[in-house]
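Subject: A structure for you to look at

Hello,

Here is the structure I promised to pass on to you. Have a look at it first, and then read my notes below with the model open beside you.

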Amino acid sequence: MFAQRPSISSRWLVFLLALYFFFVLNLPLIARLIDILGRLEAVRFGFVLSIPVFFVACLNILLTLLAVKYLEKGLFILLLLLSSAVSYAMFNYGVVLDRDMMVNIMQTHAGEAKSYFNGSSLLWFLLAGALPALLVARVRIRHDGLLRDLCWKALSVLGSLAVIGVIALCYYQDYASVGRNNSHLRQLIIPTYYLSSASGYVYNTYLKEELPYQTLGEDAQLAPSRPERKPTLLVLMVGETARSMNFEHNGYPRGTNAFTREQAVVSFRSVTSCATTTAVSVPCMFSRLSRTDYDAEQAARQDNLLDVLQRAGVNVRWFENDGGCKGVCARVETVEFRPEDGGPLCDGDYCKDGVLLEAVQRAMAAAERQDTVLVLHMVGSHGPTYYRRYPAEFAHFQPDCRRSDIQNCSTHELVNSYDNTLYYSDYIISQVVKLLDERRPDWNTGLLYLSDHGESLGEKGLYLHGMPYALAPEQQTQVPLMLWLSSGLSREARLDRQCLQHQASQGHYSHDNLFDSVLGLMGVKSKVYRPALDMLAECRTG
């Protein structure tokens, strides 16, 4: 005879899972609560004791409602597996799965996803997710009939509500005070917050009625050309995960800009990103919408900077080396580098940014005498496997962190790896500047480099990026912006270099300025151009 499978009543399974979700899977929330309570001048002991009771009661209500016969086992297994992965990311990297992060996850390619798998994440997933899920799969869930089940569910929910009510009666002021001053705590609750974010993503992506498409800049045209005027060739380099404070140009004490140091690059010291994820920042920076009024659906259903440039008669090409342009390049000619195609700079998951150099050199050589904008989307400093973003000969800062579970590297190793990515990116930028400088006899040339967002390297226990903007530290929102202009383009755009240097060191800018600054630099005339948002406008003479 086969041994009978162990069994447990549905209500007891729900209660045990509620305990497990709080005390194990909500470790990020518990750690944050301990930090908050530890900084309070006075805290009532009873309030502290009530916190786990409160959360277990809330989770018990949620899981009781999900405990539907024939469906509950599958739902609980799925929740355990998903929640363990979320718990790992939140506890070790400080990642919050809001709606923007959900968009970022859904647009992540296979190579990027693989970089997050390591021994630590696998062990966490096996112990915190797979093992309890296996136990749930193994156990036989008992039910007492429809009527008795409904009665027990009602009693469980009402009992939990009564517990919550008593806690509120005794400690409402404590909960209200902590909640008001730390509203972000709700974003740490597993599984409620990520389920809410996922449902919002599904609704906005698949169920919400699509907005009509809006064309912008129908009147866009280039300024009248003089017979002796050279065409303009501008390269826009979109950086990935570069933070301003680690740029030597901006006062960082290490040589991360060793290659562009002598190239008369203007570095803007105070620039903020539109968001803390690529999926939001890249469409936002190319849209006409500002960070405060940005809406992903609205941006996707209207023209962006590249469309207006094309409409004005500018030849636009996009070179993609970061897994996707997030819809920005949908209507322009695109060259995409596929890591699986191989090559000395590709490892099957990523291609190092050196692949951009040969491609842009060919594009420059083949370019007709027409105003041209080439956009290079770099893989830059994409984590957590920073060490895979630069060739061995660019491992300038040593020792570096050569693993993906970066929280287990020393701070010195981690910063070295990250700075090596900036060092290599600076080399790529310098080589593009050299190519542009060689074209000066026939073209007015320029380069603008701007990163999509920054990165946390363990400050305040945070790693990577993706924090909700209101909570994000400056490491994730302060981004580098560099500008190089040939003397011909400076004259053509009537830009005073001394003024540019002053504005770059003293002014405050953001992704909001990209749209109008590029239109102004390229001499595009249109009603959609806003001089007040052109960061170069104040330095125009005549």
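**A strand covered on both faces**

Let me start with strand β10, where both faces are covered: N444, G446, L448 and L450 on one side are all buried, and so are T445, L447, Y449 and S451 on the other. Put as a count, 8 of the 8 residues of β10 are buried. Please keep in mind as you read that this is a predicted model.

**The sheet around it**

Which strands make up the sheet, and in what order? There are 7 of them, and they run β5-β13-β10-β4-β9-β7-β8 in an open sheet with mixed pairing. Strands β5 (266-268) and β8 (333-336) are at the edges with a single partner strand each, so one side of each has no neighbour in the sheet. On average, neighbouring strands are turned by 15° against each other, if direction is ignored.

A little background may help here. Strands in a sheet pair through backbone hydrogen bonds, and they can do so in a parallel or an antiparallel way.

You can find both kinds here, so let us walk along the sheet:

- β5 and β13 run antiparallel and are joined by 3 bridges. Here F268 stands opposite L481 of β13.
- β13 and β10 are also antiparallel, with 5 bridges between them. L447 stands opposite W484 of β13, and L448 has L483 as its bridge partner in β13.
- β10 and β4 run parallel, joined by 8 bridges. L236 has L448 as its bridge partner in β10.
- β4 (residues 232-239) and β9 (residues 372-377) pair in the parallel sense over 6 bridges. For L234, the bridge partner in β9 is V373.

L448 is a good residue to click on: it is the bridge partner of L236, it has L483 as its own bridge partner in β13, and it is buried.

Is β13 enclosed or open to the outside? 5 of its 5 residues are buried, so β13 is largely enclosed by the rest of the structure. Both of its faces are covered, with L481, L483 and L485 buried on one side and M482 and W484 buried on the other.

**Helices lying across the sheet**

Next, turn the model until you can see helix α10 (residues 278-286). This helix lies across β4, β7 (315-320), β9 and β10 (444-451), and it runs at about 155° to β4. Then look for helix α18 (residues 514-521), which lies across β4, β10 and β13 (481-485) at about 160° to β4.

**Some backbone details in the loops**

Most peptide bonds are trans, and most residues other than glycine have a negative phi. With that in mind, here are four places to visit.

Two of them are cis peptide bonds. The bond from I190 to P191 is cis, with omega near 10°, and P191 sits in the loop between α8 (146-181) and α9 (192-207). The other joins Q398 and P399, where omega is about -5°. You will find P399 in the loop between β9 and α14 (411-438).

The remaining two have a positive phi. K326 is not a glycine, yet its phi is about 60°. This lysine is in the loop between β7 and β8. Is K326 buried or exposed? Its relative accessibility is 18%, so K326 counts as buried; the cut-off for buried is under 20%.

R494 is not a glycine either, and its phi is about 55°. Look for R494 in the loop between α16 (487-492) and α17 (497-506). With a relative accessible area of 40%, R494 is partly exposed.

**A nonpolar patch on the surface**

Finally, which residues make the nonpolar surface patch of about 700 Å²? They are L122, L123, L126, L127, L131, L134 and L135. One of them, L126, lies in helix α7 (residues 119-138). L126 has 42% relative accessibility and therefore counts as partly exposed.

If you would like a route through the model, begin at β10 with its buried residues, cross to β13 by way of L447 and W484, and finish at the leucines of the surface patch.

Enjoy exploring, and write back with any questions.

Best wishes

Terms used: Residues are numbered from 1 along each chain as its sequence is written. This is a predicted model: local features need pLDDT of at least 70, side-chain atom pairs count only at pLDDT 80 or more; totals for chains, interfaces and linings use all residues. Side-chain values use heavy atoms; hydrogens and water are left out. Patches are made of residues with over 30% relative accessible area and no salt bridge: like charges are joined within 9 Å, nonpolar side chains (Val, Leu, Ile, Met, Phe, Trp, Tyr) within 5 Å. Accessible areas come from the Shrake-Rupley method with a 1.4 Å probe; for residues, only the protein chains shown count as cover. A salt bridge is a side-chain nitrogen of Lys or Arg within 4 Å of a carboxyl oxygen of Asp or Glu. Helices (H or I, at least four residues) and strands (E, at least two) are DSSP runs, numbered from the N terminus. Buried means under 20% relative accessible area, exposed over 50%, partly exposed in between (1.4 Å probe, protein chains only). Two strands pair if DSSP finds at least two bridges between them. Axes are lines fitted to C-alpha atoms, for helices over the stretch in contact, and angles run from 0 to 180 degrees between N-to-C directions. Contact means heavy atoms within 4.5 Å.
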